[in-house]
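Dear colleague,

Please find below the structure that I am handing over to you. My findings follow it.

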Amino acid sequence: MSTAAVEVACRAEDKVRLAAAIKPSRVIDYFRDFDRLRSGRVSSGQFQRCLSQHFAVNLTSEEFQALCDKYRAAKSQNVDYERFAHCVKGPQDTAPIEAMYPSKTTRHSVKERDLYSESVEVWEILNRCQNFFEQHAVNVKVAFQETGFDRHNRGYITDAQFRRAFPGPRNMISEEEIELLIARYRNPATKLVNYVEFHNDVQAMQEARRQPEEIIEPQEAQPLGLSKEAHLSDVLARIRDAVYHNRIRSTEFFVDYDRHNHGIVTDNQFICGLMLCCGKQAHLNRQDTQLLVEHFRQDAGRVNYRQFCHLLEHTYMIPDLDKKPTQVVYRPTDGELAKTFNTLTINEEQDVEELLSRLRSSVDSRQLMTYPLFKDFDWSGAYTRGITAPQFRRMLDYVSLQVSEPEFKLLCRKYRNERKGDINYTAFLQAVDSGYVAHVGGDRTVDLFPPKPPSTAHWSTRGTPYRSPAARSFEEIMARLKDHVLRNQVRVTEHFEDFDPKRSGTMTCEQFKRCLDSIGMRPLLVAEADVLCAAYADKSRTDRKCVLWKRFQHDIDEVFTRSDLLQNPTASVAPENQFIMPPEESLTVTRKPAGRRTQSATFAARDNHVEKRAEDKWISIAEEALVRMREQVSHRNLLPRPVFQDFDVHHLGHITARQFRQGLSALNLEFSEDEAHALELKYGDKLGIHFTPFVEEIDPPAKYVDKYRERLDTIKSLQELKASRKPMKPAVAAVLDKMRTKVIKDRVRTSEFMRDFDRFRTGRFTRNILAQTLDLCGFNLKPEEMAALQDYYADETDPSKVVYTQLCEDMEVVFTEPNLEKTPLKRVEQMELRDELAERRLEGDDNEVLDDALKVLAQQVVVRHLDLFPPFEDFDRLKIGYVTQAQFFRVMNQLGLAGCTAPTWWDLLLRRFRMDVGGRRDFNYLAFAHTLNQLADVIHGVH
C-alpha cells in the first residue's frame, strides 16, 4: 500500500475507534454475527454493513477501500475482521466478559465503588437527589431517555444535555453542584457523561436505605440462622398442618410411583409426589424438599415415602390408639391453624391503629361497600382472600382512601402473607369497614356454615311442627307420594331409570333415596326412606341391599292407569279423586317433648310455660336480626331475592337450611348461630325454609298503585280528541288528493321523511320543517296549498307547530285502513289514481275550437286508415307513453296531418295533452291517440 492509502486507513480507524469507545460491548462481537463458521473473515459487503449499522460511522468510499486493502486476507477477497478488531479495540475489549454484562451480584453499588470515600460534596448531592427521586417516584434512567438526547440508548450524553435533562430538584441543587456531578460521571475517553452510572448509584443508595426497613424476618420457615434439625422440624410442622387443614391423603400421591409396592421411590419421584401433595399448601421450596429427601433417604439411595406418609397420616393423632385407650389426643382449637397477622413493633402498631381509625371514619362517613370491589381481583386464586400489592394499591386509590407511600408499605407489612406475598384484604376490610365481618376472635376465621346445635325449641309462625319419624306408616307415606305425583303430574320413571343403566329393575338404597328426593316432594325423613327401602327390598340378593324400584314405580303409577289393561281390557280403573288426600296440616298433632309424661295439670302448665318462654326468646332474637338485616339491605341496595332463587331449582319457594345460610353469607348479612337458628324456626315448614316471606320482610316490595282506571280514562279522552277533528275545507281536500296521487304513483312513505326531524317522537314539529319535508317528498306544492295544509294540521296547544302524524295517517289511507287490527273483517280497497287529463278543461271558447280540431284529425285517420301508435312508439324508447313536443310535431308532419290543421290548433293540443314528466313538459301521445281513435270510430259508425 502507498503512504497516502495508509494515512487514509489510519484516519478511518480513528473514526471507528472513537465510535467503539462509546459502545458498551466488544468490537469483535458485531462481526461474529456474520461469521457463522468462525473463520475470522467476512465479505467486504458484510464488513461495510457492520460498520454502518452498529458503529454509525460514515466512511467515504476511499476510506472504506483503504480499510479493505489493509485488512484483506491473503489469497482471498474477504476482510480479516479479527485483526481489525484488535487494532481498533475499545475499552470493553480489555475487560473481562463479566464486566460487560453485570448481573445483580456484579452490578455497581455504593459499597463496591466505595462512594463514601469520595468527595463529601458529591455524597451530599447524591443523598439529596435520591431523597427527591424516592419521594416523587422518579426513575433517573427513564427521565434521561425520554428527553431524546440518547437516540441509540448508549448511556452517554453531552455535558449540556445533562444540564438540560437533569431531573433533580433545581431549588436544592445549584449549578456548581451539577458541574461536580458532570465531572464525577464524565468518561475521559469520550468526554461524555454516563447517566446510567449515575442512575445505578442512586438506585443502590435507595436499596441500601430501604434494606433494614423492608426486610422482615419471618416467624416461620426461616432456614437462615436455624440449625438443620430445627429447620426440619419447622418444615414437617408446616406440612402436617397443611395436610390436616386440607384433609389430604398423602399416600395416594406416591403409590403410582411404587409399582411393586415396596414403599420406596427415587429422589425425583419423592419430590414430584410431595409437590403435588402439599407443595402449594405448605409453601415448600427447593431447600425444604431437599432436606426432606436427605432425612428419609435409605442406604440404597431411595426415599422411604411410607415412613413420611405415616408421619403425616397421624397428624394430631396417636398411632395404635386402640391399644392405648387412656391416651389424650391433642386437637387444634378453632382458628389455631388459620392465617395470622404479622406482628410489628410497638410504635408501628400504634401507627397502624391510627391509620386504620382514620380510614374507618372515612368509610363510615361515605357509606362505602368495599368488599365487592376488592373481591373482583380475587378470581384467579379461587377466593383465597389475597390480592397482590399493586392491586391493593389500585383499589385504595379507586375508593379514594388517601394513603401515603410509607403508610401503604406499613399496611402491606401488616397484612402480607410472607409465604405467598399476597395481601390479606379481608382482614384489612374488617378493620376499616364496620359492615363487613371476615374474622371473629382475633385471627380466627368465621365458619360460614357451622353445625347446627341441638335444640329443644320447635317454634314456627308458618305452620305446624315436623312429625315424628314414627308417626308415619308405610300406607300413609305411599298415599302422600301418590297424591304428590297426581297433583304435579310427575313421571316417576324419568327420575329412576338413569340410575339403572342395565334396566335390571333394581338399585342401591342410597340411589333409591336420591331418586325419592328428586321427585320434588318435601324431603322425607331418614326413617320414612328406610321404611320404603325395607318394603321394596330385593330379597333375592344377599351381597348388598338393593331396592326393586320397578315395583315401586308400578304401585305409584296406579294413580294414572293400570299396566295390565291389554291383558284385562274389562278391568276397571280407579278414579283419580280416590288418591287425593286432604292437606297434611289437618292430620298433624302437636308433638310433646320426649321423655315427659303429663301426670297432673300442674306439670302440664309448667311445661307450657317453659315452651312459651323459649318461643318468646327465639321470637325476640329473630326480630332483632330482621331489623338489622333490613337496615343493611336498604343501606347497601342489595337484591336478596335472586340469591335465594338460585338455590330453588324447582321454583317451590323453599330451600334447605344450609342453602339459607349460604345465601345470607353471599349477601354479607351478619348473623350469629342463635340468629340463624331463630330465623330457621320462624320461616321453616315441612318443605324447608320458605324464603319468600323472609325476603319480603328484609326488602319490602314497593306499594302497588292501581292506575288501570286512570289509564283507561286517558286513552278514552285521547280517542275523543282524535275523533273530534275540525272539518276539512275543499282546498285542503284537493291538496290531499293531489298528494295521494303522488304517493300512489311513486310509493312515497311520508313518515320516513318526517320522522328524522322529530328525535323525541312527539309527533309535532314547526311549520317550516313541514314545508321542507314535503319538498323532499317531491310534492311541489304551491305556497297557498302549503299554507292551507299548515293551518289545517296546526297544533291546538301551539299554533306554531303542526301535527305531522295526522298528515301521515291521512296519506297512509291510500294503502290501508287505520286500526285494521280492531276490525279484521273489514275489506280494504286501494285508492284509484285520478285522471288529470280527463279532468283538464280549457278556458272560454278554446274547448270548442279544440273539439273541431280533433274531429278534423279523426276524419283524416278514418279516410287514410292511419295507425297512430307506431310512429310515436319509435321515439318512445322507454315505452312510457310520452314524447317531446318537437317529436310530436315531427310525427304529425310524417303522417301528413300538419297541413290540415290551423296554426292555433297546435297550442291548444299541447295545452290539452301536455304533462310534467321528470321536470320536463312532454306530450302524452297515448291519450291523444286514444282520443282520435274514439272519434274515428264514431265517424266511421256514422258513415
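At the start of helix 14, which backbone nitrogen does a side-chain oxygen of Asn-285 reach to? It is the backbone nitrogen of Gln-287, to within 3.3 Å. Please bear in mind that this is a predicted model.

Helix 14 itself covers residues 286-296, and its buried residues are Asp-288, Thr-289, Leu-291, Leu-292, Val-293 and Phe-296. The cover over these buried residues includes helix 12 (228-246) and helix 13 (267-279), together with strand 7 (303-304) and helix 15 (305-313).

The largest nonpolar core lies elsewhere in the sequence and has 30 residues, with Phe-888, Leu-909, Phe-923 and Phe-928 making the most contacts inside it. Two or more residues each are given to this core by helix 38 (846-864), helix 39 (869-875), helix 40 (885-895), helix 41 (903-913) and helix 42 (925-942). Helix 42 provides the largest share, seven residues.

Within this region, Phe-923 deserves a look of its own. If its neighbours within four places in sequence are left aside, Phe-923 is in contact with Gly-881, Tyr-882, Val-883, Thr-884, Phe-888, Leu-909, Leu-910, Phe-913 and Phe-928. Apart from this core lies another, of 28 residues, which includes Phe-392, Leu-396, Val-399 and Cys-412.

In general, nonpolar side chains tend to be buried together in soluble globular proteins. On the surface of this model, however, Phe-753, Phe-757 and Leu-776 form a nonpolar patch, with about 250 Å² of accessible area together. Of these residues, Leu-776 is placed in helix 34 (residues 767-777).

With kind regards

Key. Residues numbered from 1 in each chain as written. Predicted model: local features only at pLDDT ≥ 70, side-chain atom pairs only at ≥ 80, totals over all residues. Heavy atoms only, no water. Core = buried A, V, L, I, M, F, W, Y, C linked by side-chain atoms within 4.5 Å. Buried < 20%, exposed > 50% of the residue type's maximum accessible area, 1.4 Å probe, protein only. Helix = DSSP H or I, 4+ residues; strand = E, 2+ residues; numbered from the N terminus. Contact = heavy atoms within 4.5 Å. Patch = residues over 30% accessible without salt bridge, like charges linked within 9 Å, V, L, I, M, F, W, Y side chains within 5 Å. Areas by Shrake-Rupley, 256 points an atom, 1.4 Å probe, with all protein chains shown as cover. Salt bridge = Lys/Arg side-chain N within 4 Å of Asp/Glu carboxyl O. Polar contact = N/O pair within 3.5 Å; in protein donor to acceptor, adjacent residues only side chain to side chain.
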